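Please read the following report alongside the chain and its model. It moves from an unusual peptide bond to the overall make-up of the fold, and then to charged and aromatic side chains.

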Amino acid sequence: MVRPIVFIGDSITEAWGFHRAATFAANDLIPRGGSGQTARWITMRFRRDLEETGAQGVHLLCGVNDIGRNEGFFVSAEDIARTLAGMLDEARAMGVTAWVGSILPAARIPWNPEVPDAPAMIAAVNAWLRDHAREHGATFIDYHAVLADEAGALRLAYTTDGLHLSPAGYKAIEPLMLSALGRVEAPAQGFTAAMPPRFGGRRRVAALAATVLVIVGFALLLTLR
């Protein structure tokens, strides 16, 4: 089991650590959320957060503030995905196990009504993460599927403003999170684990073959005697 794990993200992560402090403490999870921060801003502290906390794992959840244009300009779904992938690559290079959460559902950006296509952009980033996270050494966790209603918006019972989660919302996704992180034994659907190194199977086969050859050679030697 990976311990500890630092949760890096924006206000959603910040509030998660506040509302569910007991869960974080009990499972050796460290909240490092920054209200209003975009994924690009988070890259500037990503390595520092890992080094300062001594974390062996990282849970990354961000991107909605990029969609909300918090830096004052449009950022494409491709650029958001590229930024997230860069952080996952950095974690892998540091030997840190990584999980990346889907951007949460939202019918609109509450603080920026000029963003007309938030659901489509959220879907595009999440689709990319689902398909490519494992290529960057990470496990994808699909919180969107748990929280979205039939129209793709955040369920009213789980939100305070249509984008941020209420305590009930955090409680609803915790079983999925804890299962993905290995904090509970029973597996939950909604996450895609990173693939092991491709050479791992080959090494095991090679080792087995070598063992068989040694045994056969030893048996022949006894026969010749």
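In which segment is Pro4 found? Pro4 is found in the segment before β1 (5-9), where strands (E, at least two residues) and helices (H or I, at least four residues) are DSSP runs numbered from the N terminus. A cis peptide bond joins Arg3 to Pro4, with omega at about -15°.

The model is predicted, so that local features need pLDDT of at least 70 and side-chain atom pairs count only at pLDDT 80 or more, while totals for chains, interfaces and linings use all residues. Residues are numbered from 1 along each chain as its sequence is written, and side-chain values use heavy atoms, with hydrogens and water left out.

**Overall make-up**

The chain contains nine helices and six strands. Of its 225 residues, 43% are buried, a term that means under 20% relative accessible area, whereas exposed means over 50% and partly exposed lies in between (1.4 Å probe, protein chains only). The accessible surface of the chain comes to about 11500 Å², and carbon and sulfur atoms supply 59% of that surface; the areas come from the Shrake-Rupley method with a 1.4 Å probe, and for residues only the protein chains shown count as cover. Among the contacts (heavy atoms within 4.5 Å) in the chain with a separation of 6 or more, 73% are between residues 24 or more positions apart.

**Salt bridges**

The structure holds 11 salt bridges, each being a side-chain nitrogen of Lys or Arg within 4 Å of a carboxyl oxygen of Asp or Glu. Three of these pairs are listed below, with the distance between the closest N and O atoms.

| Pair | Closest N and O atoms |
|---|---|
| Arg20 and Glu174 | 2.8 Å |
| Arg32 and Glu52 | 3.3 Å |
| Glu71 and Arg40 | 2.3 Å |

Arg20 forms its salt bridge with Glu174. Because Arg20 lies in the loop between α1 (11-19) and α2 (21-26) and Glu174 lies in helix α8 (residues 167-180), this pair ties together parts of the chain that are 154 residues apart in sequence. The two partners differ in burial: Arg20 counts as partly exposed at 21% relative accessibility, whereas Glu174 is buried, with a relative accessible area of 6%.

Arg32 forms a salt bridge with Glu52, and the pair links distant parts of the chain, since Arg32 is in strand β2 (residues 29-33) and Glu52 is in helix α3 (residues 39-53), 20 residues apart. Arg32 counts as partly exposed at 26% relative accessibility.

Glu71 forms a salt bridge with Arg40. Glu71 lies in the loop between α4 and α5 (77-93) and Arg40 in helix α3, so this pair ties together parts that are 31 residues apart in sequence. Both are partly exposed, Glu71 with a relative accessible area of 21% and Arg40 with one of 38%. Elsewhere, salt bridges that share partners join Arg32, Arg45, Arg48, Asp49 and Glu52 into one network.

**A buried acid without a salt bridge**

Which side chain of opposite charge is nearest to Asp66? It is Arg40, 6.6 Å away, and Asp66, although buried, has no salt bridge; in this assignment Lys and Arg count as positive and Asp and Glu as negative, while His and the chain ends are not counted. Asp66 lies in helix α4 (residues 64-67), and a polar atom of the Asp66 side chain is 2.7 Å from the backbone nitrogen of Ala39. Leaving aside residues up to four places away in sequence, Asp66 touches Thr38, Ala39, Arg40, Val75 and Ile80.

**Aromatic rings**

The structure holds five aromatic pairs, counted when rings of Phe, Tyr and Trp (its six-membered ring) have centres within 6.5 Å, with planes under 30 degrees apart taken as stacked, over 60 as edge-to-face and the rest as tilted. One of them is formed by Phe7 and Trp16, which are edge-to-face at 5.5 Å centre to centre with 90° between the planes, and both Phe7 and Trp16 are buried. Ring pairs also link Phe7, Trp16, Phe24, Tyr143 and Tyr170 into a cluster.

**Positive phi values**

Asp28, in the loop between α2 and β2, has phi near 60°, a positive value in a residue other than glycine, and at 31% relative accessibility Asp28 counts as partly exposed. Arg69, in the loop between α4 and α5, likewise has a positive phi near 60°, and Arg69 counts as partly exposed at 25% relative accessibility.

Key: A polar contact is a pair of N or O atoms within 3.5 Å; within protein, one must be able to donate a hydrogen and the other to accept it, and residues adjacent in sequence count only if both atoms are side-chain atoms.
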